[in-house]
Amino acid sequence: MSGTTTATGLLAAIDGVGRDPKRGGYRRHVFDPAERELREWFVEQAQRRDLAVRCDRNGNLWAWWGEPGPGAIVTGSHLDSVPGGGAFDGPLGVVSALAAVDTLRDNGFAPDKAIAIVVFAEEEGGRFGVPCLGSRLLSGAIDPDVARHLHDQDGVTFAEAAAEAGLDPARVGRDDEALAAIGTFVELHVEQGRGLIDLGAPVAVADSILAHGRWRFSFTGEGNHAGATLLGDRRDPMVPAAEMVLAARIAASEVDDARATVGRIVPNPGGTNVIASTVDVWLDARAADDANTRGVVERIRDMATDAAARENCELTVVEESYGDTVVFDAGLRKTVSAALGGVPALPTGAGHDAGVLAAHVPTAMLFVRNPTGVSHAPEEFAEPADCEAGVTALATVLGQLAG
Ligand code: GLV
Ligand code: MN
Ligand code: MN
């Protein structure tokens, strides 16, 4: 491979893969045809650069510059997206890692420590519901049996999808060798808020991630006829489900810096003239710490329980995933910031594989300015010049850590 490839040029090469026909943007879910095409593209890009590619037991792809082994300097992100997601969330970190390797090589850099690029599987939890599934499995943060039984909206289990993608589902789970391979992890990511717009800077280092989790609220009532059933005779689970959506806004607004979102409601069976039998409502809740996050969820659960009782419905609540507050390694953050001439530090409300890994290894993140301030939507963006500033920053950091 000769000559540096730009992050924007690499993103352009995958521009047509996995377009979301409904919302615009992208729908790239783990092990679906689009995400598998991206994986193949990544493998090809790595091989063009003479990087040795491996897929670990949990479906995470690794591309090695240097001898695979413990204590490497690892960078990367993910290639899956939310439904209708943007082009940058995940892929920017992957293409920037490839471009940073090009930059270092063009500069004649010879690493003392091996450098690896990793592509984590199912970061968004867009298919199987648990975010950062690849890094959680690798680090032992989720019971492999629980993971194997997760299923997508068509009832396909993670075990079945993994097998179809060529993995042995019996072998998913904590991977001490892969974990030991990560001496330091640095993830570059598009910023998902307005921090860098306000600061007028192209690049920042992350300092923390909010505690966050996902809960499924299932309301059960009585399916019936929309015309023939008197209002007083109804047990309509959509009514407490609607109240729960409003409860989420009320509860989050009572706690500083908390967020609560309902982005998915599924009535069963879902017919215009049918009173639903059940309604599932997924809650995403985030706050500064564990107590505040759980407090918000409890408050929502209390209000939803009262709403369900008023409609003679039942409610069950299941926690589907949880991750506590992350404060990134202060020493590494200072090293990274100093290497970049003192870039600002920003907190984030978005979850990342770097946050999962931070419990095990020194971890840092770089954010690249997003002039729209919008993410998880097609409007997510980063200017080419800022993407290149990100690549330069990542190359500088990798060079310092691996040199
Ligand atoms: C992932 O981007 C999340 O924060 O949900
Ligand atoms: Mn991401
Ligand atoms: Mn995301």
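A polar contact is a pair of N or O atoms within 3.5 Å; within protein, one atom must be able to donate a hydrogen and the other to accept it, and residues adjacent in sequence count only if both atoms are side-chain atoms. This report applies that term to a predicted model, in which local features need pLDDT of at least 70, side-chain atom pairs count only at pLDDT 80 or more, and totals for chains, interfaces and linings use all residues. Residues are numbered from 1 along each chain as its sequence is written, chains are lettered from A and ligands numbered from 1 in the order in which they are written, and side-chain values use heavy atoms, with hydrogens and water left out.

## The surroundings of ligand 1

Ligand 1 is surrounded by Glu124, Arg286, Ala350, Gly351 and His376; a residue is counted here if one of its heavy atoms lies within 4 Å of the ligand. This shell divides into 1 nonpolar, 2 polar and 2 charged residues. In that division Ala, Val, Leu, Ile, Met, Phe, Trp, Tyr, Cys and Pro count as nonpolar, Asp, Glu, Lys and Arg as charged, and the others, Gly among them, as polar. The table lists side chains with a polar atom close enough to an oxygen atom of ligand 1 to meet the definition of a polar contact.

| Residue | Partner | Distance |
|---|---|---|
| Glu124, polar side-chain atom | oxygen atom of ligand 1 | 3.3 Å |
| Arg286, polar side-chain atom | oxygen atom of ligand 1 | 2.8 Å |
| His376, polar side-chain atom | oxygen atom of ligand 1 | 3.0 Å |

The protein covers 95% of the 190 Å² of accessible area that ligand 1 has on its own. Accessible areas come from the Shrake-Rupley method with a 1.4 Å probe, and for residues only the protein chains shown count as cover.

## The loop between E15 and H13

His376 is placed in the loop between E15 and H13. Helices (H or I, at least four residues) and strands (E, at least two) are DSSP runs, numbered from the N terminus. The phi angle of His376 is near 55°, a positive value in a residue other than glycine. With a relative accessible area of 32%, His376 is partly exposed; buried means under 20%, exposed over 50%, and partly exposed in between, with a 1.4 Å probe and protein chains only.

Ser375 belongs to the loop between E15 and H13 as well, and Ser375 is buried at 17% relative accessible area. The side chains of Ser375 and Glu380 are joined by a polar contact of 2.6 Å. Apart from neighbours within four places in sequence, Ser375 is in contact with Asp89, Gln192 and Glu380, where contact means heavy atoms within 4.5 Å.

## Aromatic pairs

Rings of Phe, Tyr and Trp (its six-membered ring) pair if their centres lie within 6.5 Å; planes under 30 degrees apart count as stacked, over 60 as edge-to-face and the rest as tilted. By this rule the model contains 7 aromatic pairs. One of them joins Phe88 and Phe381 edge-to-face, at 5.7 Å centre to centre and 85° between the planes. This pair links distant parts of the chain, 293 residues apart: Phe88 is in the loop between strand E3 (72-78) and helix H3 (91-106), and Phe381 in the loop between strand E15 (363-368) and helix H13 (384-402). Phe88 is buried at 8% relative accessible area, whereas Phe381 is partly exposed at 32%.

Phe120 and Phe185 also form an edge-to-face pair, with 5.8 Å between centres and 80° between planes. Phe120 lies in strand E4 (residues 115-120) and Phe185 in strand E5 (residues 182-190), so the pair ties together parts that are 65 residues apart in sequence. Both of these residues, Phe120 and Phe185, are buried. In addition, Phe31, Phe128 and Phe158 form one aromatic cluster.

## Asn58 and its contacts

Asn58 is located in the loop between strand E1 (52-55) and strand E2 (61-65), and Asn58 is buried, with a relative accessible area of 0%. A polar atom of the Asn58 side chain lies 2.7 Å from the backbone nitrogen of Gly173. Not counting residues up to four places away in sequence, Asn58 touches Ala121, Gly134, Leu137, Leu138, Leu167, Val172, Gly173 and Asp175.

## Backbone features in other loops

The peptide bond from Asn268 to Pro269 is cis, with omega near 10°. Pro269 lies in the loop between strand E9 (259-268) and strand E10 (274-275). Asn312, which is not a glycine, has a positive phi of about 55°. Asn312 is in the loop between helix H10 (290-310) and strand E12 (314-323), and counts as exposed at 51% relative accessibility.
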